[in-house]
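Biologist: I would like to learn how to read a protein model step by step. Could you take me through one, giving the general idea before each case?

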Amino acid sequence: MPSGLPSGTPPTRLAIAKDWWAIVSDVPLEIYGSAGLERRLRDLEWVGGVALAHERVVEHFFSLRGATVVPLKLFTMFSSAERAVSELKSRRGALVRTARRIAGAQEWGLRITRAPERSARSRAAPARASSGTAFLAAKRRARDAAAERRAAVLEAAESAFDALSAIARDARARDARHEPGTNPPVLEAALLVPTSARAAFAREARRQAAACSKAGAVLTITGPWPAYNFVQPSEDAQ
């Protein structure tokens, strides 16, 4: 059994219904009460420790054969065990639908970025333009080539997502995020892949990685993870 949350007791099972349990841990009110928690949420190191402990518990039960884990958000808390049982029983319908949606499947992450361009220093320096017209023509060619590379990367990323989504039970592309650095992801997605299709998914991922590389992109697959991104129904499914 993995350790519980920092400053809390080790996790234990709380019976909700037949073959349904909540994995819970008691936590001290002086730390996890509204006043204490608000103050500690500004401490990123502390929050990171709590998140890591939470993740260890989720992944421990996720790794058990035959178990379907519906992960709840970090800092999901109830005032008592009775309140937890009552609240989760009231959500039974939604929890059953979620469990059916993710049962026998794993979440995999997809991330596609542009490959680092070959350094211009490694190429022969272009001849100095003989005229203003030649200079502008060279600039236009370089701009057009860059646009073609961007289009090729985007097309490869979309093709990879479509091909891998066809194997997955569900797939959700994430909204574009502004990240520090000069090479933000072209595409990020989470895919819910049946364990029975894991080998086919891996083969297709290798094919798409090769296609992306040819187009000037890098495809990265991470996982398997608990189905964090699929515990809520997609908008299309509602």
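Modeller: We shall go from confidence to the overall layout, and then to one strand and one helix. This is a predicted model, in which local features need pLDDT of at least 70 and side-chain atom pairs count only at pLDDT 80 or more, while totals for chains, interfaces and linings use all residues. Residues are numbered from 1 along each chain as its sequence is written, and side-chain values use heavy atoms, with hydrogens and water left out.

Biologist: What does the protein average in pLDDT, and where does pLDDT stay under 50?

Modeller: pLDDT is the predictor's confidence in each residue, on a scale from 0 to 100. The protein averages 83, and 79% of the residues score at least 70. Over residues 119-125 the pLDDT stays under 50, and for this stretch the model has one contact (heavy atoms within 4.5 Å) beyond four places in sequence.

Biologist: How many helices and strands are there in the protein?

Modeller: Helices (H or I, at least four residues) and strands (E, at least two) are DSSP runs, numbered from the N terminus. The protein has seven helices and six strands, and from the N terminus on they run β-β-α-α-α-α-α-β-α-β-β-α-β. Among these elements, helix α6 (residues 132-167) has the lowest mean pLDDT, 79, whereas strand β5 (residues 187-194) has the highest, 96.

Biologist: Which strands does β3 pair with?

Modeller: Two strands pair if DSSP finds at least two bridges between them. Strand β3 pairs with β5 in the antiparallel sense over eight bridges, and A105 stands opposite P194 in β5. Seven bridges join β3 to strand β6 (residues 217-225), again antiparallel, with T113 opposite V218 in β6.

Biologist: Is strand β3 mostly covered or mostly exposed?

Modeller: A residue is buried under 20% relative accessible area, exposed over 50%, and partly exposed in between (1.4 Å probe, protein chains only). In β3 (residues 105-114), eight of the ten residues are buried, and of the 238 residues of the protein, 30% count as buried.

Biologist: Which residues are buried in helix α7, and why are they on the same side?

Modeller: An α-helix has 3.6 residues a turn, so residues three or four places apart point the same way. In α7 (residues 198-215), the buried residues are F201, E204, A205, Q208 and C212. They cover an arc of only 110° around the axis (taken from the directions from the helix axis to the C-beta atoms), which puts them on the same side of α7. The face turned away from that buried side carries the exposed residues R206 and K214.

Conventions. Expected span 1.5 Å × (residues − 1).
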